[in-house]
Amino acid sequence: MKHDPYDPAQAEALAPLLDSIGRELEERGARLAEIEARLGKPQGLGATQELRHLETEASAQRRELRHCRGELEGLGCSVVGTTPLTIRIPTRVGNARRSLVWQHGHETNG
């Protein structure tokens, strides 16, 4: 989805929403990494059932990660880095297009 660039004040106002989405992306990404690590190590008699459960949970985490990224795209933003999570916010100053960069846990930077 294409979104018009934000003026700087609008971009700054996105920070609480980006904090929320960013926190969810990081939590779900960490949980998915844990699940994937466990998927490689099934043990015991209940391994088949545990594998099914882990695969189902991994699928749900991936779906929700896609949903979070879709929310960002709907805002016109994009993930440009993952360590730390870095999101580009398209902005404009007059007729000039610019970008602000938001990082999880940091202030928005121009």
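Student: How many salt bridges does the structure hold?

Tutor: The structure holds 6 salt bridges. Keep in mind that this is a predicted model.

Student: Which residue forms a salt bridge with Glu 34?

Tutor: Arg 31 does, and the closest N and O atoms of the two are 3.0 Å apart. Glu 34 and Arg 31 are 3 residues apart in helix H2, so about one helical turn separates them.

Student: Why does a spacing like that matter in a helix?

Tutor: An α-helix has 3.6 residues a turn, so residues three or four places apart point the same way.

Student: Are those two buried or exposed?

Tutor: Neither word fits. Glu 34 is partly exposed, with a relative accessible area of 44%. Arg 31 is partly exposed too, with a relative accessible area of 23%.

Student: What about Glu 57, which residue does that one form a salt bridge with?

Tutor: Glu 57 forms a salt bridge with Arg 31, where the closest N and O atoms are 2.8 Å apart. This pair links distant parts of the chain, since Glu 57 sits in helix H3 (residues 47-74) and Arg 31 in helix H2, 26 residues apart. Glu 57 is buried, with a relative accessible area of 19%, and buried here means under 20%.

Student: So what are Arg 31, Glu 34 and Glu 57 linked in?

Tutor: They are linked in a network of salt bridges.

Student: And Arg 62, what is its partner?

Tutor: Arg 62 forms a salt bridge with Glu 36, with 2.9 Å between the closest N and O atoms. That pair also links distant parts of the chain: Arg 62 belongs to helix H3 and Glu 36 to helix H2, 26 residues apart. Arg 62 counts as partly exposed at 33% relative accessibility, and Glu 36 is partly exposed with a relative accessible area of 38%.

Student: H2 keeps coming up. How many residues does H2 have, and how far does it reach?

Tutor: H2 has 25 residues and reaches 35 Å from its first C-alpha to its last. That is close to the 36 Å expected at 1.5 Å a residue.

Student: Which residues in H2 are buried?

Tutor: The buried residues of H2 are Ala 15, Leu 18, Ile 21, Gly 22, Leu 25, Leu 32 and Ile 35.

Student: What covers them?

Tutor: The cover includes helix H1 (8-13), H3, S2 and S3. H2 (residues 15-39) lies across S2 and S3, and runs at about 155 degrees to S2.

Student: New topic, the strands. In what order do they stand in the sheet?

Tutor: The 3 strands form an open sheet in the order S1-S2-S3, with antiparallel pairing. Strand S1 (78-82) and strand S3 (96-103) are at the edges with a single partner strand each, so one side of each has no neighbour in the sheet. On average, neighbouring strands of this sheet are turned by 35 degrees against each other, direction ignored.

Student: How many bridges join S1 to S2?

Tutor: There are 4 bridges between S1 and strand S2 (residues 85-93), and the two strands run antiparallel. Gly 81 stands opposite Thr 86 in S2.

Student: Back to the whole chain. What pattern does it follow along the sequence?

Tutor: The pattern is α-α-α-β-β-β, from 3 helices and 3 strands.

Student: What share of the chain is buried?

Tutor: Buried residues make up 29% of the 110 residues. The accessible surface comes to about 7000 Å², and 50% of that belongs to carbon and sulfur atoms.

Terms used:
Residues numbered from 1 in each chain as written. Predicted model: local features only at pLDDT ≥ 70, side-chain atom pairs only at ≥ 80, totals over all residues. Heavy atoms only, no water. Pairing = 2+ DSSP bridges. Axes fitted to C-alpha atoms, helices over the stretch in contact; angles between N-to-C directions. Contact = heavy atoms within 4.5 Å. Salt bridge = Lys/Arg side-chain N within 4 Å of Asp/Glu carboxyl O. Buried < 20%, exposed > 50% of the residue type's maximum accessible area, 1.4 Å probe, protein only. Expected span 1.5 Å × (residues − 1). Areas by Shrake-Rupley, 256 points an atom, 1.4 Å probe, with all protein chains shown as cover.
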